[in-house]
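Work through the following exercises with the sequence and the coordinates side by side, and try each task before reading its solution.

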Amino acid sequence: GELQNLQIIVYNDRKQISSKEEYQIIDKKRNLIQKNDLKYDKDGNIIQNEKTEYFYNQNFSVLTEQFSRKYVYKINEDDFPPDFEYFENDVLKMRNKYSSQKGNYTSQVFFEDDFSVKTYYIEEKKVKEVYYSGESVLRVKNYDKQ
């Protein structure tokens, strides 16, 4: 069959993209291969961005897998970057929190079995890593200030 691509974009009333869908069309059948959903706050800032990819067998008769990446943003005061959480298939993988001091933030990465590592940055320099199992601290590694 002939392969065609189709993109459907939906805008909100502020003319911002609220969803984008990509299809592959084979023999007049639409197969969703990628979907992007965006949510905004009242000021028009992106507060959620989720992209899902869909995988099929060779003739597109069976959806074999889908994989989603989602960012959830919390807008901060002034011009600090937004805090965010990053999910894969709705499992939290990373969380960044910014302080009101420019260049100071923490970045926590989550692994299997409730294990995580939280890295502290001061003036964009890594100063400390804390290793967790759940809420319990396993160890702390301090970095010398250069």
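The exercises below concern a predicted model, and they go from the sheet to its turns, its largest pocket and its aromatic rings.

**Exercise 1. The sheet**

Determine in which order the strands of the sheet are arranged, and which strands stand at its edges.

Solution. Begin with the pairing: 11 strands form an open sheet in the order S1-S2-S3-S4-S5-S6-S7-S8-S9-S10-S11, and the pairing is antiparallel. Next look at the ends of that order, where strand S1 (3-11) and strand S11 (136-142) each have a single partner strand, so that one side of each is left without a neighbour in the sheet. Finally, follow the twist, which averages 15° from one strand to the next.

**Exercise 2. Bridges between chosen strands**

Find how many bridges join S5 to S6, S6 to S7, and S10 to S11, and name one residue pair for each.

Solution. Take S5 (residues 63-74) and S6 (residues 83-88) first: six bridges join these antiparallel strands, and Lys-74 has Asp-83 in S6 as its bridge partner. Moving on to S7 (residues 91-98), one finds five bridges between S6 and S7, again antiparallel, with Glu-88 opposite Val-91 in S7. S6 and S7 form a hairpin with two residues between them, and Asn-89 in this turn has a positive phi of about 45°. Lastly, S10 (residues 125-133) and S11 run antiparallel and are joined by six bridges, with Lys-128 standing opposite Asn-142 in S11.

**Exercise 3. Loop residues**

Locate Asp-27 and Asp-113, and decide whether each is buried or exposed.

Solution. As background, most residues other than glycine have a negative phi. Asp-27, although it is not a glycine, has a positive phi of about 50°, and the residue lies in the loop between strand S2 (17-26) and strand S3 (29-40). Its relative accessible area is 58%, and since exposed means over 50%, Asp-27 is exposed. Asp-113, likewise not a glycine, has a positive phi of about 55° and is found in the loop between strand S8 (105-110) and strand S9 (115-122). With a relative accessibility of 73%, Asp-113 also counts as exposed.

**Exercise 4. The largest pocket**

Describe the largest pocket by its volume, the residues closest to its centre and the classes of its lining residues.

Solution. The volume of the largest pocket is about 220 Å³. Of the 13 residues in its lining, Arg-95, Gln-108, Phe-110, Ser-116 and Glu-135 are the closest to the centre. S7, S8 and S9 each supply at least two residues of this lining, and sorting the lining by class gives four nonpolar, four polar and five charged residues. Glu-135, for its part, lies in the loop between S10 and S11 and counts as exposed at 77% relative accessibility. The C-alpha atom of Glu-135 is separated by 49 Å from that of Lys-29, 106 residues away along the chain.

**Exercise 5. Aromatic rings**

Classify the ring pair of Phe-111 and Phe-115, and name the residues of one aromatic cluster.

Solution. Counting ring pairs whose centres lie within 6.5 Å gives nine aromatic pairs. In the pair of Phe-111 and Phe-115 the ring centres are 5.7 Å apart and the planes stand at 40°, so the pair is tilted. For accessibility, Phe-111 is partly exposed, with a relative accessible area of 45%, and Phe-115 is partly exposed at 29%. One aromatic cluster is formed by Tyr-71, Tyr-73, Phe-84 and Tyr-86.

Note on methods: Residues are numbered from 1 along each chain as its sequence is written. This is a predicted model: local features need pLDDT of at least 70, side-chain atom pairs count only at pLDDT 80 or more; totals for chains, interfaces and linings use all residues. Side-chain values use heavy atoms; hydrogens and water are left out. Two strands pair if DSSP finds at least two bridges between them. Helices (H or I, at least four residues) and strands (E, at least two) are DSSP runs, numbered from the N terminus. Axes are lines fitted to C-alpha atoms, for helices over the stretch in contact, and angles run from 0 to 180 degrees between N-to-C directions. Buried means under 20% relative accessible area, exposed over 50%, partly exposed in between (1.4 Å probe, protein chains only). On a 1 Å grid over the protein atoms alone, a cavity is a set of points where a 1.4 Å probe fits but cannot get out, and a pocket is an open set with protein on both sides within 12 Å along at least five of seven lines; lining residues have an atom within 4 Å of a point. Grid points are joined across faces, edges and corners, and a volume is the space filled by probe spheres set on the points. Ala, Val, Leu, Ile, Met, Phe, Trp, Tyr, Cys and Pro count as nonpolar, Asp, Glu, Lys and Arg as charged, and the others, Gly among them, as polar. Rings of Phe, Tyr and Trp (its six-membered ring) pair if their centres lie within 6.5 Å; planes under 30 degrees apart count as stacked, over 60 as edge-to-face and the rest as tilted.
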